[in-house]
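I opened my notebook to look up how some helices sit against each other. Here is what I wrote down, step by step.

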Amino acid sequence: MKNQKFGIAKKLNKKKLIKEFVPIGTDKPPKTSNQTNNRKDSMSKDVSKKEETTPTKMSYNPLNIKLETLEIKDKTVANYFKQIKTNFYTGVKAHYLIARDLFDAKQNLSNQDYQELLKQCNFSGATQRKYIAIGKDVRLMSLFIVGKLPMKWTNQYLLTQLDDAQFKKVEKVIEPDTSAKVIKEVAELDEEEKEKIENNLLSFLQVEVDKTEVNITKFKKIVDKIKSALSSIPEVIINDEKVSSAENRIASYYNKLKKEKEKKDREEAKIATARAILAKAEATANA
């Protein structure tokens, strides 16, 4: 009897036993080693794909106070970005220290000596007023120390116009590249406060561009030329928010033209197809 049972067990299909074996408390059979390996390979491919498509976030050290003067050896976009941004921001911090020192000079020198200092530094009235407004606000020093001083002097000036409660709100989220729009939103400025600040910065020039005659590339070149031409006049600034707004409007205009052309092309293609069908039908009928 034992031999008979052994003989029956011997004849059972081992593969079938493995396939049909289900552990207690489960509905599905355990995965074979091949299935497990395939899943690992699939996961590995997914991770690799994700790593390939995820862009590298470029960064620089805003706490650096030294110019990086050595030529870049490992010539990658990230390394160029780091050095250019570091040197640019070092210049921004240098201007803040000029503002701080000029304010200190105004407090400690006689009026005659202070006027002589302005003359020697070749600072105009508008330039020194800008520096004084920024230099006298000790709250900006806290941003300077932690590497969060705004890149643009207009945004530095905007911060000087905030009361302490508004400044504390902005201080929590501000970064060197934070725009004036974001600063105003975080500070929760009302319309009257916005108008007061805007009135302090007078607008006397306006550049108009015909959007039908320039594309985005040409517009950016025009802006670069204007900025280059005005770089020697520190009292005059470019309103980057308005530049971005104009750029978006030009992009929208050309996208509209593109869609209209695509629609027209599709309609013409349909008409051409219909005419071809009619011509073929007519030729068949006449044959």
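Entry one: what do the buried residues of α6 pack against? I found α4, α5 (111-121), α7 (139-145) and α8 (153-160) as their partners. I am working with a predicted model, and I keep that in mind for every entry. Helix α6 spans residues 125-135 and is mostly covered, with eight of its 11 residues buried. I listed the buried ones: T127, Q128, K130, Y131, I132, A133, I134 and G135.

Entry two: I turned to F103, which I located in helix α4 (residues 77-108). Is F103 buried or partly exposed? Its relative accessible area is 22%, and buried means under 20%, so F103 counts as partly exposed. Setting aside neighbours within four places in sequence, I saw F103 in contact with I132, G135 and K136. I132 and G135 are both among the buried residues of α6. I also checked how far F103 is from I132: they are 29 residues apart in sequence, yet 5.2 Å apart in space, C-alpha to C-alpha.

Entry three: I moved on to a pair of helices. A reminder to myself: two packed helices are described by the angle between their axes and the distance between the axes. For helix α9 (residues 164-171) and helix α10 (residues 180-187), the axes come within 8 Å and cross at roughly 120°. That angle makes α9 oblique to α10. The crossing is right-handed.

Which residues meet here? From α9 I noted Q166, K169 and V170, and from α10 I noted I183, V186 and A187. Sorted by class, this contact has four nonpolar residues, one polar and one charged.

Note on methods: Residues are numbered from 1 along each chain as its sequence is written. This is a predicted model: local features need pLDDT of at least 70, side-chain atom pairs count only at pLDDT 80 or more; totals for chains, interfaces and linings use all residues. Side-chain values use heavy atoms; hydrogens and water are left out. Axes are lines fitted to C-alpha atoms, for helices over the stretch in contact, and angles run from 0 to 180 degrees between N-to-C directions. Helices (H or I, at least four residues) and strands (E, at least two) are DSSP runs, numbered from the N terminus. Angles under 35 degrees count as roughly parallel, over 145 as roughly antiparallel, 65 to 115 as roughly perpendicular and the rest as oblique. A crossing is left-handed if the near helix is turned anticlockwise from the far one by less than a right angle, and right-handed if clockwise. Contact means heavy atoms within 4.5 Å. Ala, Val, Leu, Ile, Met, Phe, Trp, Tyr, Cys and Pro count as nonpolar, Asp, Glu, Lys and Arg as charged, and the others, Gly among them, as polar. Buried means under 20% relative accessible area, exposed over 50%, partly exposed in between (1.4 Å probe, protein chains only).
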